[in-house]
Amino acid sequence: MATGENTDVRLPPVLPPIAATRTDWRRQVPLAAAFGWLSAGWRDFVRQPGLSLLYGIAVFAVSLVVVYSIFNLGYDYILFPALSGFLVIAPLAATGLYEKSRRLAAGEPVTLASMLFVKIRSGGQIVFVGLLLCLLMMLWNRAAILIYALFFGLRPFSGLDTILPVLFGTPSGWALLIVGSLVGGLFAAFSFAVSVFAVPRLLDERTDALTAMGQSMALVWNNLPVMLTWAAIIVCLFGLCVLTGLLGLTIVFPVLGHATWHAFSTMRGPRTEAADGEAVGAPA
């Protein structure tokens, strides 16, 4: 090597400084915004209502088939965990509703085909989120069975006609309700946090599943008041659907699906145009 040649070669750092990648996920959204999302969801529902209503009828029909199969196969003991598990996978089932709201906001035509065959801008990444949600639902169903066995032993399920007096009339029943609600709440909270904004983001932007789920959790955690309000609205409306024998899903599910898109639009932050012409989320 020649004398005097500069051998001090500095390589760029593998990772950027932490300070350069920090993102503020707080959106300063008031609690009343949750009710505004619900109102916006209703407005999307009444615009071309036939499409949203057909979507809701399809969800109701599939739910009836699942409930009928549970009873027909003798698995009535998982009915209540299955109903709560529905909330786990609901964000994925509402993809077509997100697409309708996106198209309405963009001034694009909306058809039944566009809602059923949605172009996912992140491609197959949404499959990973779907697999995670399905695994969470299966784990919750298994956990519910184990919790039942913890308080009632290995006795066969006595049937829905006798379970209510047992649950509300015995100490073991109350303990089961309390512990089951706490454990189920943990499953529901985690699935809500990782999916409420992840599925709409994967539909609308080019990103990967882990990034979308991480951003969804960050938005939920840093905006807890409004997100807890939104979660409470979802639970209350779903409870009304259960009281109507799931018939309320024909309207409630589409409205909540459209409203979730508006929640995502509010919380995702500003957008920029990528070099390939795809719109992507910019750091807040």
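**From a buried methionine to the charged pairs**

At 2% relative accessibility, Met115 counts as buried. This is a predicted model, and Met115 is a handy place to start walking through it. The residue sits in helix H6, and if we skip residues up to four places away in sequence, Met115 touches Leu51, Tyr55, Gly96, Leu97, Lys100 and Val110. Have a look at Thr95 too: Met115 and Thr95 are 20 residues apart in sequence, with 7.8 Å between their C-alpha atoms.

Now turn to the outside. Helix H6 (112–116) is one of the helices that supply at least two residues each to a nonpolar patch, along with H2 (32–46) and H3 (49–72). That surface patch covers about 840 Å² and is built from Trp42, Val46, Leu53, Leu54, Ile57, Leu112, Leu116, Phe117 and Ile251. Which helix gives the most to the patch? H3 does, with 3 residues. Take Leu53, which is found in H3: its relative accessible area is 34%, so Leu53 is partly exposed.

Back on helix H2, pick out Asp44. Here's a curious one: Asp44 is buried yet has no salt bridge, and the nearest side chain of opposite charge, Arg47, is 4.6 Å away. With a salt bridge needing nitrogen and oxygen within 4 Å, Arg47 at 4.6 Å doesn't make one with Asp44. Leaving aside neighbours within four places in sequence, Asp44 is in contact with Ser52, Lys100, Ser101, Leu104, His258 and His262.

Elsewhere charges do pair up, and the structure holds 6 salt bridges. One of them links the side chains of Arg102 and Glu99, at 3.0 Å from N to O. Because these two are 3 residues apart in helix H5 (residues 95–106), about one helical turn separates them. Both ends are buried: Arg102 has 9% relative accessibility, and Glu99 has 2%.

Another salt bridge joins Glu108 and Arg103, at 3.8 Å from N to O. Are its two ends buried or exposed? Glu108 is partly exposed at 31% relative accessibility, whereas Arg103 is buried at 19%.

Last stop: helix H10 (residues 198–204), home of Arg201. Arg201 forms a salt bridge with Glu205, the closest N and O atoms being 3.1 Å apart. Glu205 has 3% relative accessibility and counts as buried, and Arg201 is also buried, at 3%. As for the charged residues we passed earlier, salt bridges that share partners join Glu99, Arg102, Arg103 and Glu108 into one network. The side chain of Arg201 also makes a polar contact with the side chain of Gln215, at 3.0 Å.

Methods: Residues numbered from 1 in each chain as written. Predicted model: local features only at pLDDT ≥ 70, side-chain atom pairs only at ≥ 80, totals over all residues. Heavy atoms only, no water. Patch = residues over 30% accessible without salt bridge, like charges linked within 9 Å, V, L, I, M, F, W, Y side chains within 5 Å. Areas by Shrake-Rupley, 256 points an atom, 1.4 Å probe, with all protein chains shown as cover. Helix = DSSP H or I, 4+ residues; strand = E, 2+ residues; numbered from the N terminus. Buried < 20%, exposed > 50% of the residue type's maximum accessible area, 1.4 Å probe, protein only. Polar contact = N/O pair within 3.5 Å; in protein donor to acceptor, adjacent residues only side chain to side chain. Contact = heavy atoms within 4.5 Å. Lys, Arg positive; Asp, Glu negative; His and termini not counted.
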